[in-house]
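Here are my notes for your read-through. Keep the viewer open and find each residue as you go.

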Amino acid sequence: RSGLAQSALVQQASGQGRADADRVVGAAWSVGLGVTAGVAGLGALVVSVVGGVWVVLPVLLVAGLPHTVAAWEAQARERFGRVLALRLALSVLFVGAAVAMGEGLTLGALAWAHAAAHGAVSLGALALGWARPETVRQTRRADVARLLRFGRFSAATTVGANLLRSADALILGAALGPAAVALYGVPQKLVEAAEVPIRGLTGAAFPAMARSARASDGAALAARLRRDVATLTLVLLPAAALGWVFATEATTLLGGGAYAEAAAPFRWFLLYALLLPLDRFLGLALDALGRPHLNTVKVGAMLAANLGGDAVALALGFGVPGVAAVTVGMTAVGVVVGGVLVAREVPLVPGARRPIPEVA
């Protein structure tokens, strides 16, 4: 649902007048309702076969839709306080319900608490006028079609990115067993902390970059890209340096003494973390420019490099450190491919001039 609609809504509504932006929001509602109905129906079939906590799935999908669309629109309008309020309310309600259940906590109760938290936040978003389902009435078929043309590539990119995160563990588990997966997972979890500021800054930068692209201001888009990448890299650099020096202590602290040998893959992951800002922002720039198909090409190249690299590393006996090294190489591929694709659209070098082609 998010893959089909979120990036498309932000890209197409940013920099638009209220009437045009409302039609895009209405199109996102239409897509969200369609996907929700389809997946909820599929979930109902699963429930009829396996039962159990799956019965919560259709309820969860319906309950979460209003606040989800509200957060998408808030991002497009750069009202990040709303995004924070919605996410914080969801977390507080869910954690509060889990704590209140105490020893009576069960998997089923937790699932229903999750659905109830989503429903409560959605009711709040509707009551405050943030969700605005009435915009569906303003939507034309062409608006939905345009959203889906963008969203199909965005969804494919989302799937590819999720595969990138899980492929290494699946391959290691198949080739070397669960112990190798655990050895790989400890440094991976440590480095995931680097993704927190990256996700925050990319979420804030996307609507501004899309607005610059719509105004054919390539210089402003490229300047925002360079500034944010430099800021994030400088923020991560001291932590990466400390992590490099104290790699053994860090992995031992998280996993225990048995994971001291995870220091080597951890150092590779630190190099990966330093490449992440540039990789993510190049993909973001392609989406902002209305070229989601090129972002899909970038992610596809990374996935191919990762799968091929893992096969070679394991065949040569490099084990877990080799797979971690491939992660660095895969990200470098993304940077090179993304850099080439973005440079065809906007001037990445300060002072260079190139008009932005018509934004889709």
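1. Start with helix 12. What covers its buried residues? The cover includes helix 6 (141-176), helix 11 (263-288) and helix 13 (319-343). Bear in mind as you look that this is a predicted model.

2. Now take the dimensions of helix 12. The helix runs over residues 292-315, which makes 24 residues. From first C-alpha to last, helix 12 reaches 35 Å. That is close to the 34 Å expected at 1.5 Å a residue. After helix 12 comes Gly317, and its phi is positive, near 80°.

3. Which residues of helix 12 are buried? The list is Pro292, Leu294, Asn295, Lys298, Val299, Met302, Leu303, Asn306, Gly309, Asp310 and Ala313. Mark them in the viewer and look down the helix. An α-helix has 3.6 residues a turn, so residues three or four places apart point the same way. Charged residues are on the buried list too, including Lys298 and Asp310.

4. Next, the surface. A nonpolar patch of about 590 Å² is made by Leu242, Trp244, Val245, Phe246, Trp268 and Leu271. Helix 9 (218-245) and helix 11 each supply at least two of the patch residues. Helix 9 gives the most, with three residues.

5. Look at Phe246 in that patch. Phe246 sits in the loop between helix 9 and helix 10 (247-255). Is Phe246 buried or partly exposed? Its relative accessible area is 44%, so Phe246 counts as partly exposed.

6. Move on to Thr251, in helix 10. Thr251 has a relative accessible area of 0%, so this residue is buried. Where does its side chain reach? One target is the backbone oxygen of Ala247, at 3.0 Å. Another is the backbone oxygen of Tyr259, at 3.5 Å. Set aside its neighbours within four places in sequence, and Thr251 is in contact with Val186, Leu190, Gly256, Tyr259, Ala260, Ala262, Ala263 and Phe266. Tyr259 thus turns up both in the contact list and as a partner through its backbone oxygen.

7. Ser14 makes a useful companion case. Ser14 lies in a loop, between helix 1 (2-13) and helix 2 (18-50). Loop or not, Ser14 counts as buried, because its relative accessibility is 1%. The Ser14 side chain reaches the backbone oxygen of Val10 at 2.6 Å. Not counting residues up to four places away in sequence, Ser14 touches Leu9, Ala76, Pro207, Ala210, Arg211 and Arg214.

8. Now the charged pairs. How many salt bridges does a search of the whole structure find? The search finds 16. Three of them are worth a look.

9. Arg132 and Glu73 come up now. Their side chains meet in a salt bridge, 2.5 Å from N to O. Arg132 lies in the loop between helix 5 (107-127) and helix 6, and Glu73 in helix 3 (residues 56-76), so the pair ties together parts that are 59 residues apart in sequence. Arg132 counts as buried at 10% relative accessibility. Glu73 counts as buried as well, at 4%. Both residues belong to a network of salt bridges that links Arg18, Asp22, Glu73, Arg77 and Arg132.

10. Asp143 and Arg146 also form a salt bridge, at 3.1 Å from N to O. Both lie in helix 6, three residues apart, about one turn of the helix. Asp143 counts as buried, at 1% relative accessibility. Arg146 is partly exposed, with a relative accessible area of 29%.

11. The last pair is Glu195 and Arg280. In this salt bridge the closest N and O atoms are 3.8 Å apart. Why does the pair tie together distant parts of the sequence? Glu195 lies in helix 8 (residues 195-214) and Arg280 in helix 11, so the parts joined are 85 residues apart in sequence. Glu195 counts as buried, at 9% relative accessibility. Arg280 counts as partly exposed, at 25%.

Technical notes
Residues numbered from 1 in each chain as written. Predicted model: local features only at pLDDT ≥ 70, side-chain atom pairs only at ≥ 80, totals over all residues. Heavy atoms only, no water. Helix = DSSP H or I, 4+ residues; strand = E, 2+ residues; numbered from the N terminus. Expected span 1.5 Å × (residues − 1). Buried < 20%, exposed > 50% of the residue type's maximum accessible area, 1.4 Å probe, protein only. Contact = heavy atoms within 4.5 Å. Patch = residues over 30% accessible without salt bridge, like charges linked within 9 Å, V, L, I, M, F, W, Y side chains within 5 Å. Areas by Shrake-Rupley, 256 points an atom, 1.4 Å probe, with all protein chains shown as cover. Salt bridge = Lys/Arg side-chain N within 4 Å of Asp/Glu carboxyl O. Polar contact = N/O pair within 3.5 Å; in protein donor to acceptor, adjacent residues only side chain to side chain.
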